[in-house]
Amino acid sequence: MRLRPRTLLRDLVPVLVAVAVVLVTRSSFADHYVVPSGSMEPTVQVGDQVCVSKIAYGLRVPVSHTYVVRGAAPARGDVVVLASPTDGEVLLKRVVAVPGDVVQVDSGRVSINGVPAPVSERDGGLVEELGGRDHPLGSEYGGGPDFGPTRVPADRFLVLGDNRGNSRDGRFFGWVDRDAILGRALAVCLRDGMPVWRSL
């Protein structure tokens with residue numbers, strides 16, 4: 001039995017609409033990201049799937065970097081998904097300095113406006129406080145290259161990996177434009193194939 005063009009079109013429309021809804025949702029509202037490297041260890045592990053809010057900093061035109069409505073700016077301590085300024089590769093990093101901050105990184109330790117971010121020992125590891133939130137620091141590979149002191153320009157951010165000695169981050173590629181930040185990572189939602197919810 002041959003399908004008539006009108007019948008075929010009628011059957012295809014719901015499928016095309018569903019595909020369009022999925023694409024718009026993933027590009028504009030929410031998505032997931034699979035962690036490819038150890039640059040954010042021990043906060044996230046290689047292979048973790050991270051849930052990302054694409055509307056945390058505003059609403060974009062689907063499949064673009066153009067904002068329809070801008071929301072709150074990324075804040076110190078936020079874990080973000082961004083497009084690398086050098087090659088557009090999607091990366092997962094932590095915002096450590098925001099526009100107007102004078103930032104310095106010395107042996108992996110961050111200072112903002114001359115004040116070192118608090119770092120303490122906890123459970124055999126290092127914990128840093130940024131933006132009023134604690135997160136672990138990876139110290140196995142040292143602190144990585146130093147940076148600054150220098151002032152963050154308008155609409156730019158400095159991002160680092162939590163594994164400071166094993167992260168290709170803003171110390172290598174420089175400031176990140178706000179429009180290159182694609183969303184805020186909310187939590188690890190899948191680890192070793194098992195559903196979890198570890199807030200970031």
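This report walks through the strands, salt bridges and a few individual residues of a predicted model.

Residues are numbered from 1 along each chain as its sequence is written, and side-chain values use heavy atoms, with hydrogens and water left out. Because this is a predicted model, local features need pLDDT of at least 70 and side-chain atom pairs count only at pLDDT 80 or more, while totals for chains, interfaces and linings use all residues.

**The overall picture**

The protein's secondary structure comes to two helices and 17 strands; helices (H or I, at least four residues) and strands (E, at least two) are DSSP runs, numbered from the N terminus. Of its 200 residues, 40% count as buried, where buried means under 20% relative accessible area, exposed over 50%, and partly exposed in between (1.4 Å probe, protein chains only). Take the contacts with a separation of 6 or more, and residues 24 or more positions apart account for 57% of them; contact here means heavy atoms within 4.5 Å. The accessible surface comes to about 10,800 Å², and 57% of that belongs to carbon and sulfur atoms. Areas come from the Shrake-Rupley method with a 1.4 Å probe, and for residues only the protein chains shown count as cover.

**Strand β16 and its partners**

A good place to start looking is β16 (residues 181-191), which is mostly covered, with eight of its 11 residues buried. Two strands pair if DSSP finds at least two bridges between them. Here are some of the pairings of β16.

| Partner of β16 | Bridges | Direction |
|---|---|---|
| β2 (residues 49-53) | five | antiparallel |
| β5 | three | antiparallel |
| β17 (residues 194-199) | four | antiparallel |

To find the register, look for Gln49 opposite Leu190 in β16, and for Val81, whose bridge partner in β16 is Gly183. On the β17 side, Ala187 stands opposite Ser199. β16 and β17 form a hairpin with two residues between them, and Asp192 in that turn has a positive phi of about 50 degrees.

**Salt bridges around β16**

The whole structure holds 11 salt bridges, each being a side-chain nitrogen of Lys or Arg within 4 Å of a carboxyl oxygen of Asp or Glu. Among them is the one between Asp48 and Arg191 (2.6 Å, N to O). That pair links distant parts of the chain, with Asp48 in the loop between β1 (30-34) and β2, Arg191 in strand β16, and their positions 143 residues apart. Are these two buried or exposed? Asp48 counts as buried at 2% relative accessibility, and Arg191 is buried too, with a relative accessible area of 16%.

Another salt bridge joins Asp179 and Arg70 (2.9 Å, N to O). Again the pair links distant parts of the chain: Asp179 sits in the loop between β15 (176-177) and β16, Arg70 in strand β4 (residues 67-70), 109 residues apart. Asp179 is partly exposed at 27%, and Arg70 is partly exposed at 42%.

Then there's Arg184 with Asp78, whose closest N and O atoms are 3.8 Å apart. Arg184 lies in strand β16 and Asp78 in the loop between β4 and β5, so the pair ties together parts that are 106 residues apart in sequence. Asp78 is buried, at 5%, whereas Arg184 is partly exposed, at 24%. Asp78, Arg133 and Arg184 are linked in a network of salt bridges.

**A four-strand sheet**

Elsewhere, an open sheet of four strands runs in the order β9-β8-β7-β13, with antiparallel pairing. β9 (115-116) and β13 (147-151) stand at the edges with a single partner strand each, so one side of each has no neighbour in the sheet. Three bridges join β7 (residues 102-106) to β13, and one register point is Val103, whose bridge partner in β13 is Thr150.

**Two loop residues and a patch**

Pro99 is in the loop between β6 and β7 and is partly exposed at 34%. Its C-alpha atom is 6.3 Å from that of Phe157, 58 residues away along the chain. Beyond its neighbours within four places in sequence, Pro99 contacts Val152, Pro153, Ala154, Asp155, Arg156 and Phe157.

Ser84 lies in the loop between β5 (79-83) and β6 (90-97) and is buried, at 8%. Leaving aside neighbours within four places in sequence, Ser84 is in contact with Glu89, Leu91 and Phe173.

Finally, Leu59 in strand β3 (residues 58-60) is partly exposed at 32%.
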